[in-house]
Number of protein chains: 2
Amino acid sequence: MDQDLQRTVNAYRRLATMFNRAKTHERLTEAAGVRLDRPDVQILVTLLDAGEPRRIGMIAESLQVESPHVTRHVASLERRGLVQRVRDPDDGRAWRIALTEEGAEAAVSCRRVTTEWFEGALTGWSPADQAELARLLDKLAEDMFEHLKPQLDRTSSAK
Amino acid sequence: MDQDLQRTVNAYRRLATMFNRAKTHERLTEAAGVRLDRPDVQILVTLLDAGEPRRIGMIAESLQVESPHVTRHVASLERRGLVQRVRDPDDGRAWRIALTEEGAEAAVSCRRVTTEWFEGALTGWSPADQAELARLLDKLAEDMFEHLKPQLDRTSSAK
DNA sequence: TATTGTTATACTCTATAACTATA
DNA sequence: TATAGTTATAGAGTATAACAATA
C-alpha cells in the first residue's frame, strides 16, 4: 500500500498515546508548578492563546467539547481566582471569561512546558527540518480540519 | 520566540483536539461498520499491528495504560468473540490475546478508516511533501519518545 | 519472593437532558 | 421563539489498591 501514509498514521498514533497519558499530564503540571486538571489547563491555555476574554460557548467550540463541561471547570477556576467573569456588554445572556494575573501565569507555565518538550525532542534537528515540520504539520492540521469538517457538521446538525 | 516551534505545537494541539472528540470516534466506528468503544478499537488495532498474539501486559504498555483497564476490555471483546485467549506455553501465569477472524476484520476496518482520513486530508499534496511529512512525523514521534522516556521511567519506577 | 494478571473500587472527563434567563 | 448558559445526571475511560496464581 502507501508506505508513507502508513508511517504518518502510525507516527501520529504514537504521539497521541504519549500525550494522552495521565502520567504525562502529571508531569506537565508538576513541571509547571501548578495544580490543575486537564480540562483546566486546556481552558487556561485557550484563553491565553486567544489573547482576550472569551465566552463559554467559544471556549467549548475551540476545545470541541459541550458547554456544560466548560461551565463547570470555569466555575472552579473562578473560585480559585484564576479566571474572572464579566457580563458581555453587548449581550446580557453572555459572559466573557478573562484570565486573572494569576491565571495568566499558570497558563504561561503550562504552555511553556509543552513547548519545551517539543523543543527538547527537536534538539539536534537541522533548522531546515524544523521549519519543514512546522510547515507540514500546520498544513496537515488545516487540511485535516477541512476534510473532517463535513462530517463534524453532519453530526452537529443531526442534533 | 521560535516561530516554527510554536507553529508545530499549535498544529499538534489542533490535531489532537480533533481526534479526541467523542463524535470523531462515533464517526470512525460508523464508517467502519462496528460497534466498539475507544479502548476496544485501540486494543484490536494494536493486536493487528503487532501481527501476533500479545499478552495483557504488553498491550497495556503499548497503549500506555494500566493493565486492569486492558483486562476488562479484553474480557468484553472475548465475550463478543473478537479475541480469544490462549495460555502462554512458556509461562503459566500469562495469556496471549489473539484476534479471531471476526476481530481481525473489525480491526482492519477501523484502521482503514483512520488511514482514509489521513489520505483524504493529504489529497492534493505533492508526493514530495507526503514523503517529507512521513519522515518528519516519524522522527518526531521517535525523538519525543526518547525525550520523554526518562520522565516516564521515573514515574514507573516510583511505583 | 517476584511477576502476571484479576477483582473491586473510585476518580476524572465528557456527554445528554432539562431548565433559566435574556434577547 | 431563539440563543447563551447552568444544573442535574449519567456514562465512558482510566487509575489505584488489594488480591490470586504461577514462577
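Trainee: Which element gives the most to the surface near DNA strand D?

Mentor: That is α5(A), with four residues. Near means that a heavy atom of the residue lies within 4 Å of the strand. Helices are DSSP runs (H or I, at least four residues), strands are E runs of at least two, and both are numbered from the N terminus.

Trainee: What kind of model is this, and how are things numbered?

Mentor: This is a predicted model, where local features need pLDDT of at least 70, side-chain atom pairs count only at pLDDT 80 or more, and totals for chains, interfaces and linings use all residues. Residues are numbered from 1 along each chain as its sequence is written, chains are lettered from A and ligands numbered from 1 in the order written, and side-chain values use heavy atoms, with hydrogens and water left out.

Trainee: Back to strand D. How many residues surround it?

Mentor: 24 residues surround DNA strand D. The closest are A:Thr71, A:Arg85, A:Arg93, B:Gly92 and B:Arg93.

Trainee: What classes are they?

Mentor: Eight are nonpolar, five polar and eleven charged. Nonpolar covers Ala, Val, Leu, Ile, Met, Phe, Trp, Tyr, Cys and Pro; charged covers Asp, Glu, Lys and Arg; the others, Gly among them, count as polar.

Trainee: Which parts of strand D come within 4 Å of the protein?

Mentor: Of those atoms, 67% belong to sugar or phosphate. The rest belong to bases.

Trainee: Which residues have an atom by a phosphate oxygen there?

Mentor: Among them are three from two chains. A backbone N or O atom of A:Ile56 is 3.5 Å from a phosphate oxygen of DNA strand D. For a polar side-chain atom of B:Asp37, the distance to a phosphate oxygen is 3.3 Å. For a polar backbone atom of B:Glu66, that distance is 2.9 Å. Elements giving two or more residues to this surface are α2 (22-32), α4 (56-63) and α5 (67-79) of chain A, plus α3 (38-50) and α5 (67-79) of chain B.

Trainee: Now the other strand. What surrounds DNA strand C?

Mentor: 25 residues do, and the closest are A:His69, A:Arg93, B:Thr71, B:Arg85 and B:Arg93. Sugar and phosphate make up 68% of the strand C atoms within 4 Å of the protein.

Trainee: Which side chains sit by a base oxygen of strand C?

Mentor: A:Arg72 has a side-chain N or O atom 3.1 Å from a base oxygen. B:Arg72 has one 3.3 Å from a base oxygen. The elements giving two or more residues here are α3 and α5 of chain A, with α2 (22-32), α4 (56-63) and α5 of chain B. The largest share, four residues, is from α5(B).

Trainee: New topic. How much area is buried between chain A and chain B?

Mentor: About 6,600 Å², with carbon and sulfur atoms giving 64%. Buried area is the accessible area (1.4 Å probe) that two parts lose on being put together, summed over both.

Trainee: And how many residues are in contact?

Mentor: 62 residues of chain A touch 62 of chain B. Contact means heavy atoms within 4.5 Å.

Trainee: How many salt bridges are there between the chains?

Mentor: Twelve. A salt bridge is a side-chain nitrogen of Lys or Arg within 4 Å of a carboxyl oxygen of Asp or Glu. One of them joins A:Asp129 and B:Arg135, with the closest N and O atoms 2.9 Å apart.

How values were computed
A polar contact is a pair of N or O atoms within 3.5 Å; within protein, one must be able to donate a hydrogen and the other to accept it, and residues adjacent in sequence count only if both atoms are side-chain atoms.
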